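Visitor: I should like to learn how the features of a protein model are read, beginning with its strands. May we look at the structure together?

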Amino acid sequence: MDMDGKDLKDFVKKASELNGYAVGLRRELHAHPELEHELPFTEGVIVRELEKLNLDGLRPGMGRGHGVCADLVGTRPGKVLALRADMDALPVREETGLPYASSNGCMHACGHDAHVAMLLTAARLLAESRSGLAGTVRFLFQPAEETVEGAPSMIESGALEGVDAIVGLHTGSIWEGLEPGQIGWRVGPMMASTTTIRVELQGRGGHGATPHLTVDPIVMAAEVVSQLQTLVSRELSPFEPAVVTFGKISGGRAHNVIADTCELFGTMRCFNTETDAFLKERITATVEGVAASMRGRGTVTFSGYLPPVVNDEAITLRMRDILRTTLGEGSEHEVARPSSGAEDFAEYLRKVPGAFFYHCSTFGDERDHPHHNSRFDVNESVLWTGAAAMAAFALLWQD
């Protein structure tokens, strides 16, 4: 589709006029958050809105039961583009005080309610622009991003069948240096891989008054944590970012009893497979070596690997150019550094080329709180720019 000056102005005007529609949807979803794969209310809202658009295919019940896919076929032949939004909330008790705040003990504290609202708005924009659309757009609403199980479940259900490329975005305040409503982009690594680490340290328990007769796994744990902090600072290049964090230690049941075992749980994040393999090898060697040196035994288990989000160069730069053409100079901004956060959008990128973008929805004042915080909120006045970015890309990416 070629857009002349009038077409561009009409498109942007229509997108901005739909901001109220996006806000209404976001608030409806925000008041009824659901977790992981169990999303019947969210699925119902999505199906209700998509059924109004006379689409060419609507498939609820995907993934493990509540994912949704819908296809819009253009009037001209072309490729298939998937646009993805995640749907699930978090087990966080909301403390925003908003009139539409959740009251069920869960919360949309990561912006997924806004993601769904923006994609439904983009679907409405594209349905009204079908005459200029080449190929097919697949709207993909995915559960369980927070548990990194949703993307694989959608792929197994056939969400990527026939898809040539995929685009997604995340709203909020993950990346610095952007203004509300701007789209952040970056070629190459955008978000980190993640792996869950479980360390088990085996000692020999006994009375706290006679530590010389025991092998103390809690002391082992302290040394293990201390040693592992040097892996990133002393064994990786300072130009190769990585994170090794232990957020949980579990051992012992009484103040005067030395336990038999102690467990540590943590996360490892990096941006390429070589660093991932190196850190796994060194974490294992360090744990086993420290435990053995203290007369104990250490074992390491890695699970839940999620690859890094790596943006395709051609698709990323195409989005940049389309944003400049449609929303104007200043609508986009290159992200200087990737985030060490993880996203299961990476699973789609293992199958098809695509790109993940950032949509800034901060306020610039005391209302800004981190993602997963009980006071997290988004600036609803800019939801339309995220919807417009996705819709404009779908209309223009093949030209």
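Guide: Two strands are said to pair if DSSP finds at least two bridges between them. Please keep in mind that this is a predicted model. Here, strand β2 (residues 67–73) and β4 run antiparallel and are joined by six bridges. Within this pairing, V68 has F141 of β4 as its bridge partner.

Visitor: In which sense do strand β3 and β4 pair, parallel or antiparallel?

Guide: Strand β3 (residues 76–86) pairs with β4 in the parallel sense, over eight bridges. Opposite F139 in β4 stands L83. Between β3 and β4 the chain passes through helix α4 (residues 112–127), and this β-α-β crossover is right-handed.

Visitor: How many residues of strand β4 are buried?

Guide: Nine of the nine residues of β4 (residues 134–142) are buried, and the strand is mostly covered.

Visitor: How does one read the two faces of a strand, and what does β5 show?

Guide: In a regular strand the side chains alternate between the two faces of the sheet. In β5, A165, V167, L169 and T171 lie on one side, while I166, G168, H170 and G172 lie on the other; all are buried, and both faces are thus covered. Because eight of the eight residues of β5 are buried, the strand is largely enclosed by the rest of the structure.

Visitor: Which strands pair with β5?

Guide: β3 runs parallel to β5 and is joined to it by four bridges; R84 stands opposite G168 in β5. β16 also pairs with β5 in the parallel sense, over seven bridges. In that pairing, the bridge partner of T171 is H359 in β16.

Visitor: T171 has now been named twice. What lies 3.1 Å from its backbone oxygen?

Guide: A polar atom of the side chain of H371 lies at that distance from the backbone oxygen of T171. H371 is found in the loop between β16 (354–360) and α10 (383–396). Leaving aside neighbours within four places in sequence, the contacts of H371 include A109, C110, H170, T171 and F376.

Visitor: Why does H371 count as buried?

Guide: Buried means under 20% relative accessible area. H371 has 17% relative accessibility and therefore counts as buried. G67, in strand β2, also counts as buried, because its relative accessibility is 0%.

Visitor: Which residues does G67 contact, apart from its neighbours within four places in sequence?

Guide: G67 is in contact with E43, R59, P60, G61, M62, F141, P143 and M154, those neighbours being left aside. By way of a distance across the model, the C-alpha atoms of G67 and P370 are separated by 27 Å, the two residues being 303 apart along the chain.

Visitor: How should aromatic pairs be described?

Guide: A pair of aromatic rings is described by the distance of the centres and the angle of the planes. The structure holds four aromatic pairs. For W175 and Y358, the ring centres are 5.0 Å apart and the planes stand at 65°, so this pair is edge-to-face. The pair links distant parts of the chain, with W175 in the loop between β5 (165–172) and β6 (183–185) and Y358 in strand β16, 183 residues apart. W175 counts as buried at 7% relative accessibility, as does Y358 at 0%.

Visitor: What is the geometry of the pair formed by F393 and W397?

Guide: F393 and W397 are stacked, with 5.9 Å from centre to centre and 25° between the planes. F393 is buried, with a relative accessible area of 1%, and W397 counts as buried at 14% relative accessibility. In addition, F345, Y348 and F356 form one aromatic cluster.

Visitor: Which charged side chain sits over the ring of Y21?

Guide: The charged end of R124 sits over that ring, 4.6 Å from the centre. Likewise, K280 lies over the face of F302, at 5.9 Å from the ring centre.

Visitor: What should one look for in the backbone angle phi?

Guide: Most residues other than glycine have a negative phi. E36, which is not a glycine, has a positive phi of about 55°. E36 is in the loop between α2 (19–30) and α3 (40–50), and counts as partly exposed at 42% relative accessibility. R295, also not a glycine, has a positive phi of about 70°. R295 lies in the loop between α7 (273–293) and β13 (297–306), and counts as exposed at 56% relative accessibility.

Notes:
Residues numbered from 1 in each chain as written. Predicted model: local features only at pLDDT ≥ 70, side-chain atom pairs only at ≥ 80, totals over all residues. Heavy atoms only, no water. Buried < 20%, exposed > 50% of the residue type's maximum accessible area, 1.4 Å probe, protein only. Right-handed = clockwise from strand over helix to strand, strands pointing away. Polar contact = N/O pair within 3.5 Å; in protein donor to acceptor, adjacent residues only side chain to side chain. Contact = heavy atoms within 4.5 Å. Phe/Tyr/Trp six-rings, centres within 6.5 Å; stacked < 30°, edge-to-face > 60°. Lys NZ or Arg CZ within 6 Å of the ring centre and 35° of its normal.
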